[in-house]
Amino acid sequence: MVPGRVPPPPMYRPKPMQAPARRRRSRRGWCCACCLWMTLVVVGLVFLGAIAAGVFYVAYHPQLPTFAVTSLRLAALNVSDSDAVTSRIEFTVTARNPNDKIAFAYGDIAAAFAADGADVGDGTVPGFVHPAGNTTVIKGDASAAAATVDPLVANGLRSRKSHAMSVEMDSKVGFQIGRFKSKRINVRVLCAGFTAALAKNTPSAPPIVVAAAPSPVRSVVKASSSSSSSSSSTTDAKCKLRVKIWIWTF
């Protein structure tokens, strides 16, 4: 150091430049992006499905088939002292397909009859193909052999001459359009609101006839006996079709 002289400033040495650190995307960001894309995909599929359903409806105008119990004969109904029911039922069901371009394919139909709320007979009808615009008449029979019922129900069956009847028919059905065949789903037809009396064991005893109606929702039941003075009663034989898809019933 020389007295009276200002020392020179220190030499500047620049620091070496460092590459900027990469920002890592958090797991929360990835989850949000995945959820957004999945939502967009689901919304797109629903939109395309709605368009396809609309085109299908406009092209084919699909309608559900209708059913009506057109005749029923309670050939036998015996209740033993031990409350065991033995019965035989002869029935006819009319199925109508109102569609012009859609056919239905039914599997075996299981029919379960009840009289005054008690099970009085089960039967099975073979499956069939229901063509478009066709009306099919299904004939079958149901029976019960020593089926035990509640004592109060058994007393009611013994005391009544006319019984309130109902039937549940379960099957699997799929629709056909040309060569295309859909997967079969479970359906149930519920018919109730008509009565039947035990038929007499005479050849001239006609069955209880449920006259065909324009719609199976309302049918006329005419009950007649073998005597010269035949009596008739009019009731509502309501049939409802329910479709079961997985765990939902419509």
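**Salt bridges, nonpolar core and surface patch in a predicted model**

In this predicted model, Arg160 is partly exposed, with a relative accessible area of 44%. The side chain of Arg160 meets that of Asp116 in a salt bridge, with an N to O distance of 3.6 Å. Asp116 belongs to the loop between strand E4 (109-115) and strand E5 (118-125), whereas Arg160 belongs to the loop between helix H2 (151-159) and E8; the salt bridge therefore ties together parts that are 44 residues apart in sequence. Asp116 also counts as partly exposed, at 24% relative accessibility.

The salt bridge between Asp116 and Arg160 is one of five in the structure. Another is formed by Glu90 and Arg73, whose closest N and O atoms are 4.0 Å apart. This pair links distant parts of the chain, since Glu90 is in strand E2 (residues 84-96) and Arg73 in strand E1, 17 residues apart. The two partners fall into separate classes of accessibility. Glu90 has a relative accessible area of 33% and is partly exposed. Arg73, by contrast, has a relative accessible area of 15% and is classed as buried because this value is under 20%.

A further salt bridge joins Glu168 to Arg188, with 3.7 Å between the closest N and O atoms. Here too, distant parts of the chain are linked: Glu168 is in strand E8 and Arg188 in strand E10 (residues 185-197), 20 residues apart. Glu168 counts as partly exposed at 35% relative accessibility, and Arg188 is likewise partly exposed, with a relative accessible area of 35%. Through salt bridges that share partners, Glu168, Asp170 and Arg188 are joined into one network.

The surroundings of Asp170 were examined further. Asp170 is found in strand E8 (residues 162-177) and counts as partly exposed, with 27% relative accessibility. A polar contact of 2.6 Å connects the side chain of Asp170 with the side chain of Arg188. When neighbours within four places in sequence are left aside, Asp170 is in contact with Asp108, Ile109, Ala110, Val187 and Arg188. Asp170 and Gly107 are 63 residues apart in sequence, yet their C-alpha atoms are 9.3 Å apart in space.

Attention now turns to the nonpolar residues. In soluble globular proteins, nonpolar side chains tend to be buried together. The largest nonpolar core of this structure has 39 residues, and Phe113, Met169 and Cys191 are those with the most contacts inside it. Strand E1 (residues 66-79) supplies the largest share of this core, namely six residues. Once neighbours within four places in sequence are set aside, the residues in contact with Phe113 include Leu72, Ile89, Phe91, Val120 and Ala142. Other residues in contact with Phe113 are Ala118, Asp119, Gly121, Asp122, Met165, Ser166 and Val167.

Nonpolar residues also occur at the surface. Val41, Leu45, Phe47, Leu48, Ile51 and Val55 form a nonpolar patch there, and together they have about 610 Å² of accessible area. One member of the patch, Ile51, is found in helix H1 (residues 27-60). Ile51 has a relative accessible area of 42% and is classed as partly exposed because this value lies between the limits of 20% for buried and 50% for exposed residues.

Definitions and conventions: Residues are numbered from 1 along each chain as its sequence is written. This is a predicted model: local features need pLDDT of at least 70, side-chain atom pairs count only at pLDDT 80 or more; totals for chains, interfaces and linings use all residues. Side-chain values use heavy atoms; hydrogens and water are left out. A nonpolar core is a set of buried Ala, Val, Leu, Ile, Met, Phe, Trp, Tyr and Cys residues joined through side-chain atoms within 4.5 Å. Buried means under 20% relative accessible area, exposed over 50%, partly exposed in between (1.4 Å probe, protein chains only). Helices (H or I, at least four residues) and strands (E, at least two) are DSSP runs, numbered from the N terminus. Contact means heavy atoms within 4.5 Å. Patches are made of residues with over 30% relative accessible area and no salt bridge: like charges are joined within 9 Å, nonpolar side chains (Val, Leu, Ile, Met, Phe, Trp, Tyr) within 5 Å. Accessible areas come from the Shrake-Rupley method with a 1.4 Å probe; for residues, only the protein chains shown count as cover. A polar contact is a pair of N or O atoms within 3.5 Å; within protein, one must be able to donate a hydrogen and the other to accept it, and residues adjacent in sequence count only if both atoms are side-chain atoms.
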